[in-house]
Amino acid sequence: MLQFFGVDFLDLWRGRLSLRRVSVLINSLLRQTGRSVLAATVDEAAEWNESDYLLARISDALELSNWLFIQANSGDETNDIPAPEPLPRPGHVEPEPEPISHTHASTNEVIDFFNRMSNL
């Protein structure tokens, strides 16, 4: 709290700071996104402020746009440039992909599907 407010936390024990004032200072620290170590400890997404997230979205959109332009305008059919990965955001955990189960349709299901398609 000394860094942001100039208030020494030891003043609580010295009798110059009330518990209410400490509560107010801590709540205001939690609302300061992108600057507060306390808020970043509670929620990792608070490490970035709104402009950082907007810049990351702009960067991701630009990389994707350039990749799509190259894919559309390259004369090479065997263009193996991988799609760009988005910038990692703090506090964002990628969900684990679910295993893909390969199930095949039965013969009757295939026959029913084509019968319905021919009746349209």
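Here are some worked exercises on the structure shown above.

The model is predicted, so local features need pLDDT of at least 70, side-chain atom pairs count only at pLDDT 80 or more, and totals for chains, interfaces and linings use all residues. Residues are numbered from 1 along each chain as its sequence is written, and side-chain values use heavy atoms, with hydrogens and water left out.

**Exercise 1: the overall fold**

Task: Find how many helices and strands the protein has, and what share of its residues is buried.

Solution:
- Start with the elements, which are DSSP runs numbered from the N terminus: helices (H or I) have at least four residues and strands (E) at least two.
- The protein has 6 helices and 0 strands, so from the N terminus the order reads α-α-α-α-α-α.
- Next comes burial: a residue is buried under 20% relative accessible area, exposed over 50%, and partly exposed in between (1.4 Å probe, protein chains only).
- Of the 120 residues in the protein, 13% are buried.
- Then turn to the surface, using the Shrake-Rupley method with a 1.4 Å probe. The protein exposes about 10,200 Å², and carbon and sulfur atoms supply 57% of that area.
- Finally, take contacts, meaning heavy atoms within 4.5 Å. Among contacts with a separation of 6 or more, 36% join residues 24 or more positions apart.

**Exercise 2: the surroundings of Asp 60**

Task: Decide whether Asp 60 is buried or exposed, and list its contacts beyond its neighbours within four places in sequence.

Solution:
- Locate the residue: Asp 60 sits in helix α5, which covers residues 50-73.
- Check its accessibility: the relative accessible area of Asp 60 is 15%, so this residue is buried.
- Leave aside neighbours within four places in sequence, and Asp 60 is in contact with Glu 85, Pro 86, Leu 87 and Arg 89.

**Exercise 3: a network of salt bridges**

Task: Work out which residues are linked with Arg 14 in a network of salt bridges.

Solution:
- Begin with the idea: side chains of opposite charge can pair when their charged atoms come close.
- Apply the rule: a salt bridge has a side-chain nitrogen of Lys or Arg within 4 Å of a carboxyl oxygen of Asp or Glu. The structure holds 4 of them.
- Take Arg 14, which is partly exposed at 43% relative accessibility. Its side chain meets that of Asp 8 at 3.2 Å, N to O; Asp 8 is partly exposed as well, at 26%.
- Arg 14 also bridges to Asp 11, at 2.9 Å, N to O. These two are 3 residues apart in helix α2 (residues 11-14), so about one helical turn separates them.
- Asp 11 is buried, at 16% relative accessibility. Asp 11 has a further salt bridge to Arg 16, at 3.8 Å, N to O, and Arg 16 is exposed at 59%.
- Put the links together: Asp 8, Asp 11, Arg 14 and Arg 16 form a network of salt bridges.

**Exercise 4: aromatic pairs**

Task: Find how many aromatic pairs there are.

Solution:
- Use the rule for rings of Phe, Tyr and Trp (its six-membered ring): centres lie within 6.5 Å, with planes under 30 degrees apart stacked, over 60 edge-to-face and the rest tilted.
- The count by this rule is 2 aromatic pairs.
- Phe 9 and Trp 13 make an edge-to-face pair, 5.5 Å centre to centre with 70 degrees between the planes. Phe 9 is partly exposed at 37% relative accessibility, while Trp 13 is exposed at 64%.
- Phe 113 and Phe 114 also pair edge-to-face, 5.4 Å centre to centre with 70 degrees between the planes. Phe 113 is partly exposed at 38%, and Phe 114 is exposed at 52%.
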